[in-house]
Amino acid sequence: MIIEAEIISQPYSGEYSERIYDNKSAWNSQSWTFIKFTTGDYSEWCGQFRGFPRKVAISTLKSIVLVLTSDYLYQLDIESGDVINLEDQPQYHDLTVAPNGEFIIADYYNLEKIIKDLKQKTPIDSPIQMDMIEFKKWDDSKLEFTCDEFMNWDRHLTMTYDSKTNKIEIKNTTQQLGSNAAK
């Protein structure tokens, strides 16, 4: 069983046993992501995934590992490391796992919750239209993230998503002064 996963630089040949995760497509980039996996017996192996690295997350409660690259969102079985589902050309750029085991994924404008697998996603409603979402940290059941208000890019916000209530709230906001306002 996979218990840890981390994005690493390309390893030396023979440093780890390796598995290549590739999918034939005319849209594939030339970039690769290398993930070092650690299993329950603390053995290590490396997965090589097509696309530029973005994020990796493990949900032991759902027995799923997600690997997000620029080319694909891979869903792996936590026991075997085999691909269960695959989404090509994902618009997502951030990924995390909630304390309840559900994955939260973000493109630049929206958050979604992955319930059971990649085919079961639910949008998470926000009190404002968001842009440039960036996950920061979990504090108990609350995910803190930053964003700009869409079409009002001078308004930078710190938001929270509560995985228990499935609600997004504005924590605080900062308004940047324009060059004319500072004079």
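## An all-strand model with two nonpolar cores

Of the 183 residues in this protein, 44% count as buried. Keep in mind that this is a predicted model. The secondary structure comes to 16 strands and zero helices. If you trace the C-alpha atoms, the protein spans about 60 × 35 × 30 Å along its principal axes.

What about the surface? The protein exposes about 10300 Å², and carbon and sulfur atoms supply 46% of that area. On the charge side, there are 19 positive and 29 negative charges, and their mean positions are 3 Å apart. As for how the chain folds back on itself, take the contacts with a separation of 6 or more: residues 24 or more positions apart account for 42% of them.

**The cores**

Which residues have the most contacts inside the largest nonpolar core? They are L111, M130 and F145, in a core of 15 residues. Four strands each supply at least two residues of this core: β10 (103-106), β13 (130-139), β14 (142-149) and β15 (152-162). A second, separate core has 14 residues, including I2, W45, F49 and V67.

L111 is a good place to start looking around. Leaving out residues up to four places away in sequence, L111 touches I105, A106, T122, P123, I124, M130, I133, F135, F145, Y161 and I168. Two of the names on that list, M130 and F145, also appear with L111 among the residues with the most contacts inside the core.

**The β14–β15 hairpin**

Now for the pair of strands that both feed the largest core. β14 and β15 run antiparallel and are joined by eight bridges. If you want one pairing to find on screen, try L143, whose bridge partner in β15 is Y161. Y161 is also one of the residues that L111 touches.

The two strands form a hairpin with two residues between them, and M151 sits in the turn with a positive phi of about 70°. M151 counts as exposed because its relative accessible area, 59%, is over the 50% cut-off. For a sense of distance, M151 and E102 are 49 residues apart in sequence and 30 Å apart in space, C-alpha to C-alpha.

**Positive phi angles**

M151 has company here. M132 also has a positive phi although it is a residue other than glycine, and D140 is likewise not a glycine. Here they are side by side:

| Residue | Place | Phi | Relative accessible area |
|---|---|---|---|
| M132 | strand β13 | near 60° | 46%, partly exposed |
| D140 | loop between β13 and β14 | about 60° | 63%, exposed |
| M151 | loop between β14 and β15 | about 70° | 59%, exposed |

Why is M132 partly exposed, whereas D140 is exposed? The relative accessible area of M132 is 46%, so it falls short of the 50% cut-off, while D140 at 63% is over it.

**A buried lysine**

One more residue to click on is K36, which lies in strand β3 (residues 32-39). Is K36 buried or exposed? K36 is buried, because its relative accessible area of 16% is under the 20% cut-off. Not counting residues up to four places away in sequence, K36 touches E4, A5, E6, I8, Y16, E44 and W45. One of these, W45, belongs to the second core. The C-alpha atoms of K36 and S17 are separated by 10.0 Å, with their positions 19 residues apart along the chain.

Technical notes:
Residues numbered from 1 in each chain as written. Predicted model: local features only at pLDDT ≥ 70, side-chain atom pairs only at ≥ 80, totals over all residues. Heavy atoms only, no water. Buried < 20%, exposed > 50% of the residue type's maximum accessible area, 1.4 Å probe, protein only. Contact = heavy atoms within 4.5 Å. Areas by Shrake-Rupley, 256 points an atom, 1.4 Å probe, with all protein chains shown as cover. Lys, Arg positive; Asp, Glu negative; His and termini not counted. Charge placed at Lys NZ, Arg CZ, Asp CG, Glu CD. Core = buried A, V, L, I, M, F, W, Y, C linked by side-chain atoms within 4.5 Å. Pairing = 2+ DSSP bridges.
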